[in-house]
Structures are given as C-alpha cells and as structure tokens.
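Visitor: Could you teach me how to read helix packing and sheets in a model like this one?

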Amino acid sequence: MPSYLVLARKYRPATFGDVVGQDHVVRTLTNSIVSGRVAHAFLFCGVRGVGKTTVARILAKALNCAQREEGIADPCNRCFSCTEIAAGVNVDVQEIDGASHTSVENIREINETIKYPPVASPYKIIIIDEVHMISINAFNALLKTLEEPPSHAKFIFATTESHKVPATINSRCQRFNFRTISIGEMTRGMARILEQEGVEASDEALALVAREALGSFRDALSLLDQVIAFGTGAVSTQDVIAILGIAGRDAFAQLVQAILSRKAGGSLRLLHELFRQGYDPEQLAMDLIHYLRNLIMVKNVSPSDRAEGMIDASPGELEELEKLAAPASPEELQYLFGMLVRGETEIKRSGNPSISLEMTVLRMAQAPDIVDLSEIIRRIDAREPPPRSVTESRDPDSRVPAPSPRAEKSSPRREESQGAEPAEIERRSSREEEKGIGERFVITKITPVPDGTPDEVWAMIRKVVADSQIDPLVSSYMEHGSLISFGPTEVEIGFNNAFYKDEVARRMEEKPALRKIFQDFFGNARIKTLTLAQKTPLDTAKPYAAAPDGESDRVRALKQEALDHPIVRAVQDEFDESAIEEIKILS
C-alpha cells in the first residue's frame with residue numbers, strides 16, 4: 001500500500017502566487033527579486049502554520065533558479081536547483097532546525113561553511129527555523145558574519161516567538177511579520193484543494209474547519225484530512241461537528257436566544273444536551289465567546305462599515321445573527337459577554353469545568369436588565385411606574401425574587417393597601433401628594449455648579465450684579481465679602497462687617513430681580529449670608545475645621561447634599577437593596 005501524503009505537504013505552495021493570506025510579504029519579496037535589491041538576511045515572524053518556512057523555501061528556489069525568466073520572481077520548479085531544494089538535498093541551501101543547533105559550536109560550523117562559494121548555484125543560503133531557540137552566546141557568535149557576510153551568502157530566519165530574538169540580530173535583518181490567515185481566505189484555499197481532490201464540501205463545513213484552525217492554514221489542512229477520513233467522500237457540516245467535537249451555530253443560536261429571553265431552565269437544558277453529545281466544556285465556552293463577539297459586532301457595526309473578515313459568518317449565519325441581535329441592547333450584550341469571559345477563566349481553573357459552565361450560563365440567564373441612567377431619570381421625571389423585572393416579563397419560573405429590606409419595611413402599608421378599595425387607595429395617594437410625600441420624585445431644574453475657585457466664582461457673580469445695574473450699591477457692598485462655599489443646594493457668603501451683610505440680605509429680599517440673579521447663577525441654591533470675625537478664604541481651616549478622620553465639615557456637608565438630592569433618592573427607590581458605596585467630590 002503506497003504511503004499517503006497529507007494535504008499540508010501535497011499542496012504546499014511552490015510559487016509565490018500559491019501562498020495564501022500573505023500578500024504584503026509576497027509583494028515585497030517579488031519586487032526585490034525582480035529589481036535585484038535582495039537583502040542578505042531576512043527574519044520571518046508569525047504564528048505556526050502561516051507560511052514562514054514555505055516562503056523561505058520559495059525565496060531560496062527563486063534566488064538559485066537556473067531557468068527563472070527575467071522580470072518574473074517565481075521559480076521554474078523544473079531545473080535541478082529547484083527540484084533539489086524541494087527535495088531538501090541541495091548542497092548550497094541548508095535548512096537547519098534551531099532547536100537542535102543551539103550551541104556556539106553549531107554556529108561556528110555555519111560561519112566556516114558560509115565562507116566558501118556555492119557549488120552549483122548563485123547563492124549559498126542558510127535557513128534556520130525556530131531561530132529563537134539558539135542561545136545568546138550562539139547569537140553573539142553569528143553577529144559578525146551576519147553584519148558583513150560574503151556576497152554569495154543569504155540568511156533566512158523563521159520564528160514563532162520574535163520577542164526572544166535579540167535586538168542585535170533583529171536590526172541586521174529585513175523583518176516580515178506574517179499575519180494570521182482569515183477564515184475567508186482559508187475557506188477559499190481549502191475549496192481549491194478539495195476541487196483538485198474531487199471531494200465535495202459545503203461552505204459552512206469549511207468555515208467550521210477554518211474557525212478551529214485559529215488562523216493557521218496548515219492546521220486547517222490537517223483538520224480537513226481528518227474530516228475527509230471520517231466521511232464518505234464528501235465533507236458535511238455534521239461530519240465536521242462530530243469529528244472535531246464542536247457545536248454548530250444552530251446550537252449556539254438556541255442557547256443565546258434562551259439566555260437573552262432569561263429562560264434559565266431552557267438554557268441549562270440546551271447546555272446538557274451539548275454535554276450529552278460529548279462536547280468539551282472549555283471548548284464550548286470559547287466557541288460561545290466567539291459567537292457572542294460576532295453578535296456584538298453585528299449589533300454595533302452597520303453593514304456599510306463592516307470590513308472584510310470582521311464577522312466570521314456565512315451569509316445565512318449573518319442573517320440569523322441580525323435577527324438574534326435585533327431585540328437586545330448593545331449594553332446587555334456587552335454585560336453578558338463580560339460575564340462569560342470571567343466565567344471562562346473559572347472554567348479553565350475548575351476541577352469540574354462542566355459545573356462551572358452551568359453556573360456561568362445560569363448567571364447569564366438570570367442577569368438583570370441593563371437600563372440607561374437617562375432612561376431612569378426620564379421615568380422619574382414623568383412619574384412613570386417602574387418596568388416589570390426581566391424575570392417577570394420573560395420567564396416567570398426562572399427566578400423567585402427574595403423580599404428586600406426596603407420591601408419589608410413598607411410591608412404594613414402594602415398589606416393595608418391590598419385590603420383597601422381602589423377608590424380609597426386613590427384618595428390616599430392624593431393625600432400623600434398634598435402632604436408633599438411625592439415631591440422629592442419631581443425634578444424641576446438641574447443647573448451645573450459654576451467652575452473655578454471660590455475667588456474666581458465670586459468675581460464672576462460680582463461682575464454679573466454690576467452689569468445688571470439693578471442696584472449699584474450691592475456690587476460695592478460685595479467688595480467687602482467673599483464666597484465661603486458653593487454647592488448644588490447651598491451657597492454661603494461671608495462679610496467682615498455686619499452692616500454689609502445686613503444690607504446685601506435686605507436688598508436681595510426687597511428686590512426679586514437681584515435675588516433671581518443669584519438663583520440663576522447658582523442653580524436655585526439656598527443663599528446664606530454670614531458675618532465673619534475675619535477674612536476666611538475657602539482654602540483655610542476656617543470656618544470648616546479639619547476633623548480627626550481627615551474629612552472637613554464642608555466635605556461631609558457636600559456628601560450629605562449629594563445623598564439628599566432628589567435624583568439620588570429616586571434612583572435608590574427605583575432599585576431595591578441598592579447602596580451607595582462611595583461619594584467623590586470632583587471639584
């Protein structure tokens with residue numbers, strides 16, 4: 001029985017045009033060969049299976065090809081030099097494994113060999129694969145030869161870990177970064193190979209193989225070999241799912257739909273169905289992360305703004321993603337994605353990853369709605385009733401809410417309301433509104449606090465008063481005062497003399513237009529005029545002395561103002577069991 005040659009070796013590119021997904025490298029090298037401006041050393045960097053060694057061999061064949069036509073960079077692949085290089089027996093082209101040639105002695109042999117001219121080729125070429133495995137001393141031994149090589153010498157280095165290559169080597173080479181190959185490019189490349197092999201395959205099946213290859217075309221061909229051996233002359237989606245142990249997009253669509261609908265029971269049932277079919281929990285978590293990522297991209301990027309390869313999905317899958325993402329908000333998808341990424345870390349560390357994945361999916365299915373703060377403020381301002389919780393509106397059986405302390409405190413009134421007639425409840429609500437109980441839910445006007453230091457703000461308000469010409473004496477009286485503090489709800493103005501303080505307070509009381517200037521400037525804050533024993537700027541300890549805990553009276557007053565603000569109270573009433581952990585004073 002003849003030996004079988006795997007697809008990765010059988011269809012290894014023989015010309016630059018056959019290389020998949022590295023157009024930027026191919027274009028530069030072909031132009032260099034045609035123009036004759038070929039460097040003496042190259043460093044090819046990139047992940048495994050993207051074509052580094054293959055391009056190195058094609059470059060070696062092109063430089064030593066005996067029948068290459070002028071103006072064409074591709075080798076002929078028919079002359080003795082090309083055939084010997086392809087077979088790995090050419091004496092002028094040495095391909096060395098860096099992992100087994102790490103010592104200084106190995107590099108000394110290369111230095112001695114490279115001095116002599118090639119036997120039957122224009123150049124003597126040294127290809128070192130995984131060059132980062134060479135020791136530091138060996139790299140240092142190579143420096144002199146690499147900096148001033150003979151005219152017939154060419155070096156080509158390939159590495160998957162470019163950060164381990166010393167800067168002294170890097171600076172002496174032309175560096176090429178090989179990109180990971182996109183799913184579309186891999187799918188098209190595999191389709192061409194299968195056409196030559198006479199094997200039928202669906203686009204969805206090839207896309208699944210490409211996704212599992214993670215940007216490596218060699219890995220994709222190895223997986224394709226495995227799928228072909230499993231099937232019966234054709235590559236189907238079900239064969240790929242079965243042999244690779246991955247879940248199809250339909251399964252992910254159903255699972256994500258159940259999570260978005262907050263159906264905890266349905267989500268766990270679908271998850272256990274995948275477990276029963278033998279799918280790996282860690283692989284499931286990774287695939288689900290990629291699926292949610294595609295869903296987020298579909299939600300946030302319009303079709304006109306999408307770049308090629310941005311969303312790795314076929315047209316049919318893309319249509320399904322559009323439908324699935326339509327009812328969800330971008331914030332909700334981002335929140336679920338964050339929960340899944342954190343859960344994926346727990347799954348990898350867990351001794352029982354299937355249980356960790358179950359709990360992660362359960363948390364996602366029971367996650368609360370993400371509501372924008374501006375929407376909450378709008379509801380409060382319009383006195384709209386709070387929306388039903390997610391679990392009430394989507395899946396009543398998925399979660400039983402626990403009674404909150406806030407609800408327990410108000411339980412007597414709630415019990416009383418349950419036993420009352422609707423008319424009585426309406427009258428009671430009217431009485432509560434008359435007493436001002438609901439007043440703190442009404443947001444009348446929000447004016448930002450003036451920017452600047454107290455002295456700058458005081459100078460601004462003095463100028464406004466003087467320009468108004470309502471009372472010229474007030475602006476002159478204000479020269480004897482200073483701004484002590486200003487906040488969202490209260491402003492304190494201090495005067496050194498009681499006369500000026502009394503006059504300003506009296507004129508503000510008698511002249512509504514003057515008082516309106518202060519109220520408009522400070523956002524309807526309460527104006528307090530004080531008499532000080534001496535001038536007290538805001539940056540000194542008086543009148544707000546530092547407390548033993550390091551927090552001044554003014555800081556505590558401002559924090560209390562923030563807690564008492566109508567918006568803050570309304571938001572706390574909107575969310576049960578909510579708590580304010582920290583208050584920061586920004587200015």
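Visitor: What is the handedness of the crossing of H9 and H11?
Guide: A crossing is right-handed if the near helix is turned clockwise from the far one, and left-handed if anticlockwise by less than a right angle. The crossing of H9 and H11 is right-handed. Helices here are DSSP runs of H or I with at least four residues, strands are E runs of at least two, and both are numbered from the N terminus.

Visitor: Which residues make the contact?
Guide: Contact means heavy atoms within 4.5 Å. H9 brings Glu204, Ala205, Leu208, Val209 and Glu212, while H11 brings Thr237, Val240, Ile241 and Leu244.

Guide: A word on the source: this is a predicted model, where local features need pLDDT (the predictor's confidence in each residue, from 0 to 100) of at least 70, side-chain atom pairs count only at pLDDT 80 or more, and totals for chains, interfaces and linings use all residues. Residues are numbered from 1 along each chain as its sequence is written, and side-chain values use heavy atoms, leaving out hydrogens and water.

Visitor: What is the mean pLDDT of the chain?
Guide: The mean is 78, and 80% of the residues reach 70 or more. Over residues 396-446 the pLDDT is below 50.

Visitor: In what order do the strands of the open sheet lie?
Guide: Strands of a sheet pair through backbone hydrogen bonds, either parallel or antiparallel. Two strands pair if DSSP finds at least two bridges between them. Here five strands run in the order S2-S3-S4-S1-S5, with parallel pairing. At the edges, S2 (93-97) and S5 (174-177) each pair on one side only. S3 and S4 share six bridges, and Lys124 has Ala153 of S4 as its bridge partner.
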